[in-house]
Amino acid sequence: MSKARTIRFNEQLDSMVDEYTNKNGLKLNQLVNIAVKKYISEPNAIELEPVDTNDGEWNANMKKAFSKHKKAMDELA
């Protein structure tokens, strides 16, 4: 059984929602259901992978970044 809920969009988002629903032939309830289901069921964060520090490419990129941003690195130290 469905449950009635109230949502409020800011003005910019409201116009974007209206445009999208009209363009795609959706009702607001359909769009909200699709969006919420997708947001909840899919990961919402960046998944980081560990870096192999023995890799030659990693070392080359690290040295390049350090030399390019030497002033900022010195200020952090």
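Helix H3 gives three residues to the nonpolar surface patch, the largest share of that patch. The model described here is predicted.

**The nonpolar patch**

The patch covers about 570 Å² of the surface. Its members are Val 51, Trp 58, Met 62, Phe 66, Met 73 and Leu 76. Two elements each give two or more residues to the patch: helix H3, residues 56-68, and helix H4, residues 70-76.

Take Met 62 as an example from the patch. Met 62 sits in helix H3. Is Met 62 buried, partly exposed or exposed? Its relative accessible area is 32%, so Met 62 counts as partly exposed. Patch residues need over 30% relative accessible area, and Met 62 has 32%.

**The salt bridge in helix H4**

Helix H4 also holds a charged pair, Asp 74 and Lys 70. How many salt bridges does the model have? The count comes to one. In that bridge, Asp 74 pairs with Lys 70, and their closest N and O atoms lie 3.0 Å apart. A salt bridge requires a side-chain nitrogen of Lys or Arg within 4 Å of a carboxyl oxygen of Asp or Glu, so a gap of 3.0 Å qualifies. Along the chain, the two partners are four residues apart, about one turn of the helix.

Asp 74 is partly exposed, at 47% relative accessible area. Lys 70 is partly exposed too, at 49%.

**A buried residue in helix H1**

Now turn to Val 17. This residue belongs to helix H1, which spans residues 11-24. Why is Val 17 called buried? Buried means under 20% relative accessible area, and Val 17 has 10%, so Val 17 falls in that class. Val 17 and Leu 31 are 14 residues apart along the chain. Their C-alpha atoms are separated by 8.5 Å.

The table sets out the accessibility values.

| Residue | Relative accessible area | Class |
|---|---|---|
| Val 17 | 10% | buried |
| Met 62 | 32% | partly exposed |
| Asp 74 | 47% | partly exposed |
| Lys 70 | 49% | partly exposed |

**The largest pocket**

What is the volume of the largest pocket? It is about 380 Å³. Residues from two stretches of numbering line this pocket. Ser 2, Lys 3, Ala 4, Arg 5, Thr 6 and Ile 7 are among them. Leu 28, Asn 29, Val 32, Asn 33 and Val 36 also belong to the lining. By class, the lining has five nonpolar, four polar and two charged residues. Lys 3 and Arg 5 line the pocket, and Lys and Arg count as charged.

Definitions and conventions. Residues are numbered from 1 along each chain as its sequence is written. This is a predicted model: local features need pLDDT of at least 70, side-chain atom pairs count only at pLDDT 80 or more; totals for chains, interfaces and linings use all residues. Side-chain values use heavy atoms; hydrogens and water are left out. On a 1 Å grid over the protein atoms alone, a cavity is a set of points where a 1.4 Å probe fits but cannot get out, and a pocket is an open set with protein on both sides within 12 Å along at least five of seven lines; lining residues have an atom within 4 Å of a point. Grid points are joined across faces, edges and corners, and a volume is the space filled by probe spheres set on the points. Patches are made of residues with over 30% relative accessible area and no salt bridge: like charges are joined within 9 Å, nonpolar side chains (Val, Leu, Ile, Met, Phe, Trp, Tyr) within 5 Å. Accessible areas come from the Shrake-Rupley method with a 1.4 Å probe; for residues, only the protein chains shown count as cover. Buried means under 20% relative accessible area, exposed over 50%, partly exposed in between (1.4 Å probe, protein chains only).
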